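User: I would like to examine the structure below through a series of questions. Please give the reasoning behind each answer.

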Amino acid sequence: MLKLVKDFHEYQFVYYWIDSHAVRVSPNLPTPQFAEEWVIHHYFSEYNGKERRRTIFDRRYGGSKVKLEGTQIFFSKRKPSVKGRRSTDLPIAIDLDLSVEKLNKLRSG
């Protein structure tokens, strides 16, 4: 599973993904939203099986990312799950924040 890192580089915040061996697997990304889209595309590009879904985004997430025209979706009366079934349906969170130490160094120095 990849981990999201927040860093401070050249006077701006950057985000990037690392693997379990702490090797960077993504370029510097300017916002968490770009980081989320990058990791979704990354996971889908690595999947070798047949993809049955029409969209790579979770329709329950905001509803503004994907609009299926002409399709009615009926939901059961059960309370919807906050988390999706795919790992890409989960909201991203910063796993490692390197920016705090760098900002403190910059302030003190």
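User: Is Tyr-11 buried or exposed?
Analyst: The model is a predicted one, and the values given here are computed from it. A residue counts as exposed when its relative accessible area is over 50%. The relative accessible area of Tyr-11 is 67%, so this residue is exposed.

User: How are the planes of Phe-8 and Tyr-11 arranged, edge-to-face or stacked?
Analyst: The structure contains two aromatic pairs. In the pair of Phe-8 and Tyr-11, the ring centres are 6.4 Å apart and the planes stand at 85°. Planes over 60 degrees apart count as edge-to-face. The pair of Phe-8 and Tyr-11 is therefore edge-to-face.

User: What is the angle between the planes of Phe-8 and Phe-13, and which residues form the aromatic cluster?
Analyst: The ring centres of Phe-8 and Phe-13 lie 5.3 Å apart with the planes at 65°, so this pair is edge-to-face. Phe-8 is buried, because its relative accessibility is 14%, whereas Phe-13 is partly exposed at 35%. The angle asked for is 65°, and the one aromatic cluster is formed by Phe-8, Tyr-11 and Phe-13.

User: Which charged end sits over the ring of Phe-13, and how far is it from the centre?
Analyst: Two cases of a charged end over a ring may be set side by side. The charged end of Arg-24 sits over the ring of Tyr-16, 3.6 Å from the centre of that ring. Over the ring of Phe-13 sits the charged end of Lys-6, and its distance from the ring centre is 4.7 Å.

User: In which order do the elements of the protein run from the N terminus?
Analyst: The secondary structure consists of two helices and three strands. Read from the N terminus, these elements follow the order β-β-α-β-α.

User: How far apart are the end C-alpha atoms of helix α1, and what span should its residues give?
Analyst: Helix α1 covers residues 32-46, which is 15 residues. At 1.5 Å a residue the expected span is 21 Å. The end C-alpha atoms agree with that expectation, because their separation is 21 Å.

User: Which residues of α1 are buried?
Analyst: An α-helix has 3.6 residues a turn, so residues three or four places apart point the same way. The cover over the buried residues of α1 includes β1 (3-9) and β2 (12-18). The buried residues themselves are Ala-35, Glu-36, Val-39, Ile-40, His-42 and Phe-44.

User: Which element supplies the largest share of the largest nonpolar core?
Analyst: The largest nonpolar core has nine residues: Leu-2, Leu-4, Tyr-15, Trp-17, Leu-29, Ala-35, Val-39, Ile-40 and Phe-44. At least two residues of this core come from each of β2 and α1. The largest share is four residues, and the element that supplies it is α1.

User: What separates the C-alpha atoms of Asp-97 and Leu-4?
Analyst: Asp-97 belongs to strand β3 (residues 94-97) and is partly exposed, because its relative accessible area is 35%. Beyond its neighbours within four places in sequence, Leu-4 is in contact with residues including Tyr-15, Ala-35, Ile-94 and Leu-96. Asp-97 and Leu-4 are 93 residues apart along the chain, and the separation of their C-alpha atoms is 8.6 Å.

User: Which residues does Ser-99 touch, not counting those up to four places away in sequence?
Analyst: Ser-99 is placed in helix α2 (residues 99-108). Its relative accessibility of 2% is why Ser-99 counts as buried. Outside those sequence neighbours, the residues that Ser-99 touches are Lys-6, Asp-7, Phe-8 and Phe-13.

User: Where does Val-25 lie, and how far is its C-alpha atom from that of His-42?
Analyst: Val-25 is found in the loop between β2 and α1, and its relative accessibility of 30% is why it counts as partly exposed. Residues up to four places away in sequence aside, Val-25 touches Leu-2, Trp-17, Ile-18, Asp-19 and Trp-38. Val-25 and His-42 stand 17 residues apart along the chain, and their C-alpha atoms are separated by 9.5 Å.

User: What percentage of the residues of the protein count as buried?
Analyst: The accessible surface of the protein is about 8,800 Å², with 53% belonging to carbon and sulfur atoms. The protein has 109 residues, and the portion that counts as buried is 26%.

How values were computed. Residues numbered from 1 in each chain as written. Predicted model: local features only at pLDDT ≥ 70, side-chain atom pairs only at ≥ 80, totals over all residues. Heavy atoms only, no water. Expected span 1.5 Å × (residues − 1). Buried < 20%, exposed > 50% of the residue type's maximum accessible area, 1.4 Å probe, protein only. Contact = heavy atoms within 4.5 Å. Phe/Tyr/Trp six-rings, centres within 6.5 Å; stacked < 30°, edge-to-face > 60°. Lys NZ or Arg CZ within 6 Å of the ring centre and 35° of its normal. Core = buried A, V, L, I, M, F, W, Y, C linked by side-chain atoms within 4.5 Å. Areas by Shrake-Rupley, 256 points an atom, 1.4 Å probe, with all protein chains shown as cover.
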